[in-house]
Amino acid sequence: MAQVTTGTTVHDVVVIGSGAGGGTMTKVLADLGVSVLLLEAGPMLNPADLKEHMWPYEAPNRGAGPHGEAYTGGRTGFSYSATYGGAQLEGEPYTVAPGSDFSWFRSRILGGRTNHYGRVTLRMSDYDFKPRSTDGLGWDWPISYQDLAPYYDKAERFIGVTGTTEGIRSAPDGIFNPPAALRAHDTIVQRACAKLGIRAVAARQAVTTIARNGRPACHYCGQCGRGCKTASNYAASYVQIFPAMQTGRVQVVANAMARELLTDETGKVSAVSYVDKTTGTEKQVRCRTVVLAASACESARLLLNSKSPRHPQGLANSSGKVGRYLMDTVGSSLSAQVPALSGMPRYNSDGYGSHLYVPWWLWDKHKSLNFPRGYHIEVGGGYGMPGIGSFTGSVNRAEGYGLKMKQAIRDDYGTSIGLSGRGEMIPNEQSFCEIDPNVKDSFGIPVLRFHWGWSEHELNQVRHMQQTFREILESMGGRIAPGGARGGGAGQAQTTGTGPQRGAQAPQTGQAGPQTGQTNAPAGQPTSAGPMAQADIPGRPPISRGGAIIHEVGTVRMGDDRQTSVLNRFCQAHDVKNLFVADAAPFVSNADKNPTHTIVALAWRTAEYLAAELKKANV
Ligand SMILES: Cc1cc2nc3c(=O)[nH]c(=O)nc-3n(C[C@H](O)[C@H](O)[C@H](O)COP(=O)(O)OP(=O)(O)OC[C@H]3O[C@@H](n4cnc5c(N)ncnc54)[C@H](O)[C@@H]3O)c2cc1C
Ligand code: SF4
């Protein structure tokens with residue numbers, strides 16, 4: 001048996017994973033005087049590596065890859081985007097059950113996916129916490145909007161979120177800092193929506209437009225997805241963990257891949273076993289309490305892999321619900337070329353990604369709709385700095401070559417508008433993850449196998465999205481391109497040539513830079529849809545593949561009933577009182593609101609509870 005090194009220190013709290021949940025947990029605990037050992041599977045983030053100000057010509061072969069992979073469909077590496085992740089991670093496969101289609105985007109770096117996420121930052125509404133009471137589907141959360149609102153407040157004050165006060169029930173107002181001005185394409189969308197009686201409002205983004213906590217205000221370079229050297233946008237790494245480390249109460253162990261939670265004779269977690277990726281050796285750290293924040297599915301995987309005679313179904317799994325009720329956001333997009341934008345004088349429309357969004361406007365009309373839950377619309381377009389691959393679509397549309405081709409591309413650039421729907425999925429019995437009995441990763445850890453199924457609720461919602469997008473785009477005179485309707489997100493199949501130029505797609509969520517369009521196919525286990533997303537199945541409306549919007553939540557849900565839930569209302573395991581979960585795994589439903597703001601607020605609340613329980617010696 002390989003030698004295992006066990007430390008002698010018993011750490012008050014070991015946090016596993018450093019994304020939105022782990023970063024918040026670490027910062028709040030450290031500020032409350034609690035010492036934290038943070039285990040992170042990826043390396044430390046070096047802010048010097050962030051690429052937001054890099055020009056395309058500075059990337060090797062202009063980002064096409066050493067062998068022109070960008071043109072042949074291969075992987076181009078991270079030379080331009082600094083995403084540190086994707087659906088394919090070397091040595092870390094997952095599998096997908098026959099008949100299912102799922103893509104699992106992970107990031108391995110301090111701060112996880114918050115380093116490059118879209119930063120759409122939306123509060124859940126009061127009714128989002130009580131879906132079953134509203135329409136009889138899914139389950140209610142054990143907490144209400146009033147329980148979480150003070151933590152949304154704290155998060156917004158600390159992080160900085162843009163927005164305006166609107167008084168819309170489906171989009172609760174927060175503590176906003178001033179948003180950037182709307183751009184020409186935003187104004188066109190806002191007017192087109194107004195004609196249809198739909199309100200479009202300032203985007204709510206985790207970007208500070210005023211200096212705070214030593215972070216300068218955003219300088220509107222428009223490249224948030226590639227990092228932010230000034231830390232003006234939110235990433236757990238530079239906004240939470242680096243400052244927390246300065247308290248002297250936080251120790252970060254990078255390149256530490258947690259394998260299993262070990263329990264003592266009382267059933268409590270006593271240690272975490274991890275693989276030190278730099279040496280390949282197995283180590284253990286002892287703990288008084290542990291917080292799982294490795295992302296929803298990875299946290300479920302850790303629990304399911306932590307079997308013992310006392311916990312034969314995996315840790316904290318007496319209910320059998322670990323891994324169940326996996327949800328993603330419903331995604332669908334449509335784009336059009338808008339003649340009103342042709343020939344317009346060029347101006348700098350960089351900003352910080354999206355400046356406009358459309359909250360769900362029919363929240364009180366569901367009785368007259370054929371789907372029970374809502375969606376919001378994200379807007380893409382503008383003359384943003386061309387990036388690598390920006391003109392692929394234009395090149396395929398334009399005739400000729402040389403000057404004529406260049407002029408055609410110049411005329412076309414920035415004249416498309418893309419609308420992306422982000423809708424609520426209802427948890428179902430077909431969508432879950434479990435341990436694959438036959439496949440292990442390169443560390444010898446059993447991997448996850450995904451099962452996935454959309455229901456008619458989501459398909460009908462997508463039909464409504466497409467109809468609405470068409471009406472909005474046509475009311476501004478837009479010409480919808482063949483291939484303009486897509487499922488969207490990181491699992492989106494590549495459309496070659498017919499789609500709009502890159503600037504027209506809503507860039508903020510589920511856009512995965514150079515990895516977009518890759519499928520995860522561990523050796524011998526092709527995903528059921530191959531390179532085709534579910535969006536492309538004939539007869540189906542264009543819906544994203546499961547996981548493609550990168551909002552996977554659920555799997556270790558909270559609830560008051562220990563028979564049907566894993567965690568209590570403070571995200572503490574019913575079965576194991578020194579075990580907490582602080583990512584999106586505790587989510588009971590997946591409202592149309594992008595999940596990260598709720599992950600942060602929930603983790604903040606859990607951290608305060610845990611600190612108080614530690615003080616009272618209750619855990
Ligand atoms: C391109 C993109 C765009 C997005 N846009 C938005 C958006 O606009 N708005 C929004 O709300 N959300 C968005 N998301 C989703 C958002 O990034 C996630 O909701 C959020 O980062 C989840 O936080 P987390 O802490 O649960 O997990 P993560 O951010 O994934 O962090 C988990 C961390 O745990 C580490 N880890 C995993 N396993 C282990 C292990 N076994 N041992 C030790 N460490 C481990 C990982 O390396 C990682 O650092 C987007 C995501 C992507 C990729
Ligand atoms: S747009 Fe603002 S927040 Fe985004 S990377 Fe540039 S400076 Fe940072």
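Let's start with strand β8, residues 256–263. This strand is mostly covered: 6 of its 8 residues are buried. Keep in mind that we are looking at a predicted model.

What does β8 pair with? Its partner is strand β9, residues 269–276. The two run antiparallel, with 7 bridges between them. For one point of register, take alanine 258, which sits opposite tyrosine 274 in β9. The connection is a hairpin with 5 residues between the strands. Look there for glycine 267, which has a positive phi near 95°.

Now the second hairpin. Strand β15 covers residues 432–440. β15 pairs with β16 in the antiparallel sense, over 5 bridges. Cysteine 433 has phenylalanine 450 in β16 as its bridge partner. Again, 5 residues separate the strands of this hairpin. The turn holds glycine 444, with a positive phi of about 85°.

β16, residues 446–451, also pairs with strand β4. β4 is residues 95–96. Here the strands run parallel, joined by 2 bridges. Threonine 95 is bridged to arginine 449 in β16. So much for the strands.

Last, ligand 2. Which residues come nearest? Cys218, Cys221, Cys224, Cys228 and Asn233 do, out of 14 residues around the ligand. What is the make-up of that shell by class? We have 7 nonpolar residues, 6 polar and 1 charged.

To recap: β8 with β9 is antiparallel over 7 bridges. β15 with β16 is antiparallel over 5. β4 with β16 is parallel over 2.

How values were computed: Residues numbered from 1 in each chain as written. Chains lettered and ligands numbered in written order. Predicted model: local features only at pLDDT ≥ 70, side-chain atom pairs only at ≥ 80, totals over all residues. Near = placed C-beta within 6 Å. Nonpolar A, V, L, I, M, F, W, Y, C, P; charged D, E, K, R; others polar. Buried ≥ 20, exposed ≤ 12 C-beta atoms within 10 Å, placed from the backbone. Helix = DSSP H or I, 4+ residues; strand = E, 2+ residues; numbered from the N terminus. Pairing = 2+ DSSP bridges.
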